[in-house]
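Me: I'm new to this structure and would like a friendly tour. Could you show it to me first, and then take my questions one by one?

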Amino acid sequence: QLQLVESGGGLVQPGGSLRLLCAASGFSLEHYVIGWFRQAPGKGREGVACISSAYSGTDYEDSVKGRFTISRDNAKNTVTLQMDSLKLEDTAVYYCAAKFSPYRGCSIHVTHLELWGQGTPVTVSS
């Protein structure tokens with residue numbers, strides 16, 4: 001019933017772009033922090049970006065600043081992650097996750113995420 005579904009992953013060359021979509025169903029993301037996380041081969045889960053409910057405040061992992069942009073569309077009940085200038089080290093499975101938090105501001109170090117998507121793989125390769 002309550003779901004987050006990621007889409008948009010795929011194979012892209014270094015320097016290319018992808019747009020990931022996180023679509024919520026069964027609930028409204030309006031009052032939720034939404035985070036994007038990734039797990040690369042041989043590494044643990046890493047916070048990539050997040051967006052708050054109030055005022056759509058954002059936070060980004062340092063290595064993606066200036067390259068990735070997170071945004072939300074409450075009318076469509078979706079969050080997107082626009083990824084530009086992709087690098088080999090961006091290769092990972094990307095997950096979105098939600099936490100009820102009707103406040104401004106968020107951190108990629110957010111804990112107690114309540115709902116996770118299934119992940120969408122991103123492969124950056126020449």
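Me: Is F37 buried or exposed, and what is its relative accessible area?
Reply: Happy to start there, with a reminder that this is a predicted model. A residue counts as buried under 20% relative accessible area. F37 falls below that cut-off, so F37 is buried, with a relative accessible area of 2%.

Me: How many residues of the strand around it, β4, are buried?
Reply: Strand β4 covers residues 32-39 and is mostly covered. Of its eight residues, the number buried is seven.

Me: Which residue in β5 stands opposite F37?
Reply: Strand β5 spans residues 45-51 and pairs with β4 in the antiparallel sense, over six bridges. Within that pairing, the residue of β5 that stands opposite F37 is G47.

Me: Which residue takes a positive phi in the hairpin of β4 and β5?
Reply: That hairpin has five residues between the strands. With a phi near 75 degrees, the residue is G42.

Me: How many bridges join β4 to β9?
Reply: Strand β9 holds residues 92-100, and β4 and β9 run antiparallel. As one point on this pairing, G35 stands opposite A97 in β9. The number of bridges that join β4 to β9 is eight.

Me: Which aromatic residue pairs with F37, and how many residues apart are the two in sequence?
Reply: The partner is W116, and the pair is tilted, at 5.0 Å centre to centre with 45 degrees between the planes. F37 lies in strand β4 and W116 in strand β10 (residues 115-116), so the pair ties together distinct stretches of sequence. While F37 is buried, W116 is partly exposed, with a relative accessible area of 31%. The partner is W116, and the separation is 79 residues.

Me: Which residue lies over the face of F37?
Reply: Here the contact is with the face of the ring, at 5.1 Å from the ring centre. In another such contact, R104 lies over the face of Y55, at 4.6 Å from the ring centre. For F37, the residue is R45.

Me: How many aromatic pairs are there, and what kind is the pair of F27 and Y32?
Reply: The count comes to three aromatic pairs. The rings of F27 and Y32 have their centres 5.1 Å apart. F27 is buried at 15% relative accessible area, and Y32 is buried at 19%. Their planes stand at 65 degrees, over the cut-off of 60, so the pair is edge-to-face.

Me: Which residue forms one aromatic cluster with F27 and Y32?
Reply: We have just met F27 and Y32 as a pair. The cluster has one further member, and that residue is F100.

Me: How many disulfides are there, and what pattern do they follow?
Reply: The count comes to two disulfides. One of them joins C22 to C96, with 2.1 Å from S to S, and C50 and C106 form a disulfide with sulfur atoms 2.2 Å apart. Counting the bonded cysteines along the chain, the pattern is 1-3, 2-4.

Me: Why is the disulfide of C22 and C96 called right-handed, and how many residues apart are these cysteines?
Reply: The torsion about the S-S bond is about 70 degrees, so the disulfide is right-handed. The pair links distant parts of the chain, with C22 in strand β3 (residues 18-25) and C96 in strand β9. C22 is buried at 1% relative accessibility, and C96 is buried at 0%. In sequence, C22 and C96 are 74 residues apart.

Me: Where do C50 and C106 lie, and how many residues apart are they in sequence?
Reply: The link of C50 and C106 is right-handed, with 95 degrees about the S-S bond. Both C50 and C106 are buried. C50 lies in strand β5 and C106 in the loop between β9 and β10, so the pair ties together parts whose separation in sequence is 56 residues.

Me: Is H112 buried or exposed, and what is its phi near?
Reply: H112 sits in the loop between β9 and β10. At 66% relative accessibility, over the cut-off of 50%, H112 counts as exposed. Most residues other than glycine have a negative phi. For H112, phi takes a positive value, near 60 degrees.

Conventions:
Residues are numbered from 1 along each chain as its sequence is written. This is a predicted model: local features need pLDDT of at least 70, side-chain atom pairs count only at pLDDT 80 or more; totals for chains, interfaces and linings use all residues. Side-chain values use heavy atoms; hydrogens and water are left out. Buried means under 20% relative accessible area, exposed over 50%, partly exposed in between (1.4 Å probe, protein chains only). Helices (H or I, at least four residues) and strands (E, at least two) are DSSP runs, numbered from the N terminus. Two strands pair if DSSP finds at least two bridges between them. Rings of Phe, Tyr and Trp (its six-membered ring) pair if their centres lie within 6.5 Å; planes under 30 degrees apart count as stacked, over 60 as edge-to-face and the rest as tilted. A charge sits over a ring if NZ of Lys or CZ of Arg is within 6 Å of the ring centre and within 35 degrees of the ring normal. A disulfide is a pair of cysteine sulfur atoms within 2.5 Å.
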